[in-house]
Each structure stands twice: as C-alpha cells, then as structure tokens.
Amino acid sequence: MNDALLTSITVSGIAILVIFLVLTILIFTIKLLVHLLPYKAPPPQPRKAQQPPAPQNAPSDVDTDIAVITSVMASHLSRTPGNHQVINVQSR
Amino acid sequence: MELTFSGAALQILQSTGFSAINSGQVIMLGVACVLLYLAIWKKFEPLLLLPIGFGCLMANLPMSMMMSTDDGGLLNFFYQGVKYEILPPLIFLGVGALTDFGPLLANPTTLLLGAAAQIGVYTTLVGAVYLGFDLQEASAIGIIGGADGPTSIFIASKLAPHLLAPIAVAAYSYMSLVPLIQPPIMRWLTTGKERKIKMAQLKPISQTVKIVFPIVVTIICCLMLPAVTPLLGMLMLGNLFRESGVTARLHETSETHLINIVTILLALAVGSSMTAESFLKLETIKIIVLGLLAFCMATAGGVLFGKLMSKLSGGKVNPLIGSAGVSAVPMAARVSQKVGAEEDHTNFLLMHAMGPNVAGVIGSAVAAGVFLSLFGDPTAPGPESHAAIESVVQSMVQR
C-alpha cells in the first residue's frame, strides 16, 4: 500500500472523528437548550360568548330603521313609501 | 479598402464560429444538449442543470467569449463569484432561510445520522487517491458524497479548481438521481420488520430555542473549524432571518429572489467552465464513477448507522431515516418516506427524516471545514485576490 493511500485512510479516520465530535457537542448543546428553554403551549384563546343565530327571515335592527325612516320621509314629502328608497343607514 | 465579392464572402465566412469550431467543442455542444434534455424532459434538477447546460453551450461556441477563462467575457465575471467563493455562501443563506431545524431540534440524536452519511465522503476520498488523484483533488471529489452542490463547488474552487466542472456536474446529476440511487440500497440493507417501525411523534420546540440554535451553532462550529464560517455562518444567518420573526423582508428575499438570482449566476458560471480542455479527460469519467460510489456509500453509511441506533434504542428508530443523512434536502427525506410507506402505508417518516436531512447539510459543511483545515490555505484567497477584484472593477470604471 503506498504512502498516499495510507495518508488518505488516516485523514478519513481523523475527519470522521472530528465530525462526530463536533456534532456530538451540538447534540448536547441542543439538549441543554431544550431543557433550559422548554416549550410552553400558548394560552387558550378566550372564546367569545356565542349569540344565538338570528332567524333568517326576522328583520334586523337596520331593516327596522330603514322602514321607519322610509315611512317618515314619505309622510314628510307627501309621497307613497314606494316612490323613494333608503338603501343605507350609518350610525355615528 | 477594396473588397471583391469573393473576398468579402470569405471574410464573413472566416468571422463566423463555423470556421473556428473544433471537434472538442462539437462534443461539448452535444454534452450541453444532453444536460438540457435531462433538465427539460427528464426533470433532473432542472433549476441547476438547465442553466449549467446552457452555460456550457454558450462557452463552447467559438469566438463567443463566454468561457470562464475569457477575460472580460460576461460569464468570466459570473465566474469570479465562484473563484472568490461568493456565490456558494449566498446559496447557503437562501437554504438557511428555507430550512426548518425544528425536527432536528426535537430529536437531536439524528445529527449522528448526518455525520454517519459523511462516510461516503471519506470512502470516496480513499478511492480517489487509489485512482491517482492527489489528496486535495480527492477531497474535492469526495465531498460529492455530501450531496450538497454549493459545498462541492466551494471545496472544488478552493482545493481543485481545475476539476470544478466535472465535480459540479457529477454532484448535481447524482443529486437529481437520489430517488433512483437510494431505494435499492435502503431495501437491501434493511429488513421488512425494520422498515415498518413507527417512530414516536416529535415534541414541539420553543421558538426561543429555534432562535438561539443558529447563533450557538455558528459560535461552536466556526470556533472549531474556522474555515467553514463562510458556508455555515451564512446558512445560520439565513435561518436566523427565518426564525427571529423580525426580518420578514430579509427572510422573504433570501428564500426567493436572492437564491434564485444566485442560482442563475452560479449555474451559468459552472457551465462556462465546462470546456473541452477541462471536461473531455479521463479524470472526468473517474469523477463520475467516484461520485456514484460516494452517493452509494453515503446512503449505506446512513442506513447502517440508523440500524445501529434502532438496535440501541430498542426499535424506536426506523433505519430508513438514516439515508436522509445525505443532504439533498428535501428529496432524500421524501425517499425515506416513500420507501417506508411502501412497507406500511400508515407509516409517516417524512418529519422524522427531515431531522437527519438538515443534519446532513450541517454535516457536509463540517466535512468541508475539516478538509479546508487539513488541506486548504487558511490565508487564501487573501488580500491579493481582493486586489484582483478591485483591478477588474477599476478597469470597468475606466471603460
């Protein structure tokens, strides 16, 4: 076996030892980190109080407001409610 | 100036590439077309083999000034990024930004599988010396077994720049062949019972550990192997961008635009070094054969170490995840999952295999660091190289 081949085998042995050494140090470092800084589950999100779903066909507050405003406007303008349409109500 | 019709026609003919092309360049154009075919139609690492193939094609067109050695040529400028080790670390920055070290942190002993897979590097080193390469060349060839393209290019540019082209092509070609190379070796070295082992679910890891990890790895590894700092430091910086949560823009840029741009520059630069003089040699065939040996031995080393861990842990480790110890992220992990699922379709090994897979990235970078510590000139590229870059920049400014 020539010298170069022997050298390459020696180098390979040393290099593998160095890699295992470095990575073993990393393993213990990671274990230490995980031990010192353990995972904590995030606190559960507070649940919002569930409101009973409104019946689909029941008029909402906005619908009622629109109906009232439409009738008042119709009365004020002396028109029938069907002649004008209030489409949106914004509260301040 | 008087020109006759025949004289003008002759002059135009002599100014074309056809008059200057030689047989070596014709063969290399064929090689370029094969690479393009493999990339486009066979989908073999297309993101790399396509620009490498096209770079090779342009470099072998006579009078195009696209060879890596053509001073002032476009690809010569790109090649400076390889020569001065700028591009591979930037790729590592992007890889770090893309990598989740969570599975590794949840099961840190899988780092040993990343180390075991480096056995392929060292058996190939011995094989290369046996075939007549010197130790520096053999180291550059052996690192192909790390299945990590940027690391292969980084080491080749430092230890054996004249072998850069065949080493890069072999590394990326075999990386694309991981799904074909690994499964037969994995099946051959494991029993059906071992392949069916189901591993326990990974523990969650705190975000603080994920943030501290890249900093600690950089300090420990770069103090032990300073030569590896450009690669490992950038890998960990990219990962810190990802995990810190305060650099969203840098993280996004690193994992998308930057890595894509650098990949184009790196692959074109490698392609431009594929000239007939550097590629059509007996050494290239030897490197291709040694590259295959490197991948096979790396896979076998990982699987055999996985078997050992399985025995020592009382059957809690599936040895198939050992094959993912070669880098090739995430393809090698997918192969572990696929071979495991063939035996038992309810066995999900992917996340377990990601641990050794990312460990392989660290392992191959450490292996590179060991080679550079042993054979590299710690002062290289040194101040004179930076002066060389400065002179190139100054000549551009003067123009």
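Student: Which side chains meet in a salt bridge with Glu85(B)?

Tutor: This is a predicted model, and in it the side chain of Glu85(B) meets that of Lys158(B), with 3.6 Å from N to O. The pair links distant parts of the chain, 73 residues apart. Glu85(B) sits in the loop between helix 4 (74-83) and helix 5 (87-98) of chain B, while Lys158(B) belongs to helix 10 (residues 149-159).

Student: Is Glu85(B) buried or exposed?

Tutor: Read the relative accessibility against the cut-off: under 20% is buried, over 50% is exposed, and partly exposed is what falls in between. Glu85(B) has 13%, so it counts as buried. Lys158(B), with a relative accessible area of 28%, is therefore partly exposed.

Student: How many salt bridges does a search of the whole structure find?

Tutor: The search finds 8 over all chains. Another of interest joins the side chains of Arg195(B) and Glu343(B), at 3.0 Å from N to O. Here too the pair links distant parts of the chain: Arg195(B) is in helix 13 (residues 192-195) of chain B and Glu343(B) in helix 19 (residues 331-343), 148 residues apart. Arg195(B) counts as buried because its relative accessibility is 11%, whereas Glu343(B), at 31%, counts as partly exposed.

Student: What about a salt bridge within one helix: how many residues apart are Lys338(B) and Glu342(B)?

Tutor: They are 4 residues apart in helix 19 of chain B, which is about one turn of the helix. Their side chains meet in a salt bridge of 3.6 Å, N to O. Glu342(B) is partly exposed, since its relative accessibility is 44%.

Student: Which residue is linked with Lys338(B) and Glu342(B) in a network of salt bridges?

Tutor: That is Arg187(B), so look for those three residues together when you inspect the salt bridges there.

Student: Let's turn to helices. What should the 31 residues of helix 18 of chain B span?

Tutor: The reasoning takes 1.5 Å times one less than the number of residues. For helix 18 (residues 282-312) of chain B that gives 45 Å, and the end C-alpha atoms are 45 Å apart, so the two agree. After helix 18 comes Gly314(B), with a positive phi near 75 degrees.

Student: How should I read a positive phi or a cis bond in general?

Tutor: Most residues other than glycine have a negative phi, and most peptide bonds are trans. With that in mind, go to the loop between helix 18 and helix 19 of chain B, where both Ala328(B) and Pro330(B) are found. Ala328(B) is not a glycine, although its phi is positive, about 40 degrees. Its relative accessible area is 6%, so Ala328(B) is buried. A cis peptide bond then joins Val329(B) and Pro330(B), with omega about -10 degrees.

Student: Where is Glu45(B) placed, and what is its phi?

Tutor: Glu45(B) is in the loop between helix 2 (23-40) and helix 3 (46-59) of chain B. Its phi is positive, about 40 degrees, although Glu45(B) is not a glycine. With a relative accessible area of 18%, Glu45(B) is buried because the cut-off is under 20%.

Student: Now the rings. How many aromatic pairs are found over all chains?

Tutor: A search of the whole structure finds 6. In one, the rings of Tyr122(B) and Phe371(B) have centres 5.4 Å apart and planes at 50 degrees, so the pair is tilted. Tyr122(B) lies in helix 8 (residues 119-130) of chain B and Phe371(B) in helix 20 (residues 350-375), so the pair ties together parts 249 residues apart in sequence. Tyr122(B) and Phe371(B) are both buried. Ring pairs also bring in Phe375(B), forming a cluster with these two residues.

Student: Which ring does the charged end of Lys286(B) sit over?

Tutor: The ring of Phe133(B), with the charged end 5.7 Å from the ring centre.

Student: One last residue: where does Thr208(B) lie?

Tutor: Thr208(B) lies in helix 14 (residues 207-224) of chain B. Its relative accessibility is 41%, so Thr208(B) counts as partly exposed. For a sense of separation, Thr208(B) and Asp344(B) are 136 residues apart in sequence and 36 Å apart in space, from C-alpha to C-alpha.

Notes:
Residues are numbered from 1 along each chain as its sequence is written. Chains are lettered from A and ligands numbered from 1 in the order in which they are written. This is a predicted model: local features need pLDDT of at least 70, side-chain atom pairs count only at pLDDT 80 or more; totals for chains, interfaces and linings use all residues. Side-chain values use heavy atoms; hydrogens and water are left out. Helices (H or I, at least four residues) and strands (E, at least two) are DSSP runs, numbered from the N terminus. Buried means under 20% relative accessible area, exposed over 50%, partly exposed in between (1.4 Å probe, protein chains only). A salt bridge is a side-chain nitrogen of Lys or Arg within 4 Å of a carboxyl oxygen of Asp or Glu. Rings of Phe, Tyr and Trp (its six-membered ring) pair if their centres lie within 6.5 Å; planes under 30 degrees apart count as stacked, over 60 as edge-to-face and the rest as tilted. A charge sits over a ring if NZ of Lys or CZ of Arg is within 6 Å of the ring centre and within 35 degrees of the ring normal.
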